[in-house]
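Visitor: I would like a close look at a single part of this model, with the rest brought in as context. Please take the charged contacts as the starting point.

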Amino acid sequence: MAKKSVSEQVTELCEPIIKNLGYELVEVKYAKGHSGMELTLFIYSNKGISLDDCEKVSKAVDMPLDELNPTNDEGYSLVVSSLGLDRPIKTEADARRNLGAKVDVKFYAAVNGKKIVTGTLIDFAQDTFTVEVDGEKQTYRFDEIANCTPVIEF
């Protein structure tokens, strides 16, 4: 059996800890940052995420991460962050959160003559989602979509 990636190990360890604190662990990224390797935990709460929330999660996972040692003693910076308003919709939970929201959908190749559509996310399934564009329901396969992001209106 293949060894789990750092992100997979950290997700497995931290998901229950973060859930117990009242947040959702949405994504874990382990990548090179400005000052070395960064382990970033993206968290969500329907109440929003504050700096205090990030600090609370960071303190709760710090010791367990040290014990797990997912990087085999390689140094990294731990970062806990909110999703951000314009984070791409990547998971089923992201889609659920954005039902009823206006979204920009960008395709790898033109679909029905368009590379980008803007509409309201009204439904999703395992490999498709449906957007209402100008009163018309349009269903797309996830493999057609390069990027789907919520539209931020001020």
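Which side chain meets that of Arg97 in a salt bridge with an N to O distance of 2.9 Å?

Guide: The side chain is that of Glu24, and its salt bridge with Arg97 has an N to O distance of 2.9 Å. The model is a predicted one, and every value here is computed from it. The pair links distant parts of the chain, with Arg97 in helix 3 (residues 92–97) and Glu24 in strand 1, 73 residues apart. Arg97 has a relative accessible area of 24% and is therefore partly exposed. Glu24, at 27% relative accessibility, also counts as partly exposed.

Arg97 has a further partner. The side chains of Asp94 and Arg97 meet in a salt bridge as well, at 2.5 Å from N to O. Asp94 and Arg97 are 3 residues apart in helix 3, so about one helical turn separates them. Asp94 has a relative accessible area of 3% and is buried, because the cut-off for a buried residue is under 20%. Salt bridges with shared partners thus join Glu24, Asp94 and Arg97 into one network. In general, side chains of opposite charge can pair when their charged atoms come close.

The structure holds 6 salt bridges. One of them pairs the side chains of Glu12 and Lys4, with 2.4 Å between N and O. Glu12 counts as exposed, with a relative accessibility of 51%, and Lys4 counts as partly exposed at 37%.

The next step is to place the network in the fold. The chain comes to 3 helices and 8 strands, and from the N terminus on its elements run α-β-β-α-β-α-β-β-β-β-β. Along the principal axes, the C-alpha atoms fill a box of roughly 55 × 35 × 30 Å. Of the 154 residues in the chain, 34% are buried.

Strand 1, which carries Glu24, spans residues 24–33 and runs antiparallel to strand 2 (residues 36–44), with 9 bridges joining the two. Within this pairing, Gly33 has Gly36 of strand 2 as its bridge partner. Strands 1 and 2 form a hairpin, and 2 residues lie between them. From strand 2 the chain crosses through helix 2 (residues 51–68) to strand 3, a β-α-β crossover that is right-handed. Strand 3 covers residues 77–82 and runs parallel to strand 2, to which 6 bridges join it. One position in that pairing is Phe42, whose bridge partner in strand 3 is Ser81.

On the other side of the network, helix 3 holds Arg97 and covers residues 92–97. Strand 4 covers residues 102–111 and pairs with strand 5 (residues 114–124), the two running antiparallel with 6 bridges between them. Here the bridge partner of Asp104 is Thr118 in strand 5. Strands 4 and 5 also form a hairpin with 2 residues between them, and Asn112 in the turn has a positive phi of about 55 degrees. Strand 4 pairs with strand 8 too, again antiparallel, through 5 bridges. In this second pairing Val103 stands opposite Pro150 in strand 8. In a regular strand, the side chains alternate between the two faces of the sheet.

The segment after strand 8 (145–150) contains Phe154. Phe154 has a relative accessibility of 92% and so counts as exposed. Together with Leu85 and Ile152, Phe154 makes a nonpolar surface patch of about 420 Å².

Covalent links between side chains are the remaining point. A disulfide is a covalent bond between the sulfur atoms of two cysteines. Two cysteine sulfur atoms count as a disulfide if they lie within 2.5 Å. By this rule the count comes to 0 disulfides. Cys14 is in no disulfide, and the nearest cysteine sulfur, that of Cys54, is 14 Å away. Cys14 is buried, with a relative accessible area of 0%. Cys148 is buried as well, its relative accessible area being 6%.

To return to the part in question, the network consists of Glu24, Asp94 and Arg97, joined by salt bridges that share partners. Its Arg97–Glu24 contact links helix 3 to strand 1, while Asp94 and Arg97 both belong to helix 3.

How values were computed: Residues numbered from 1 in each chain as written. Predicted model: local features only at pLDDT ≥ 70, side-chain atom pairs only at ≥ 80, totals over all residues. Heavy atoms only, no water. Buried < 20%, exposed > 50% of the residue type's maximum accessible area, 1.4 Å probe, protein only. Patch = residues over 30% accessible without salt bridge, like charges linked within 9 Å, V, L, I, M, F, W, Y side chains within 5 Å. Areas by Shrake-Rupley, 256 points an atom, 1.4 Å probe, with all protein chains shown as cover. Salt bridge = Lys/Arg side-chain N within 4 Å of Asp/Glu carboxyl O. Helix = DSSP H or I, 4+ residues; strand = E, 2+ residues; numbered from the N terminus. Pairing = 2+ DSSP bridges. Right-handed = clockwise from strand over helix to strand, strands pointing away.
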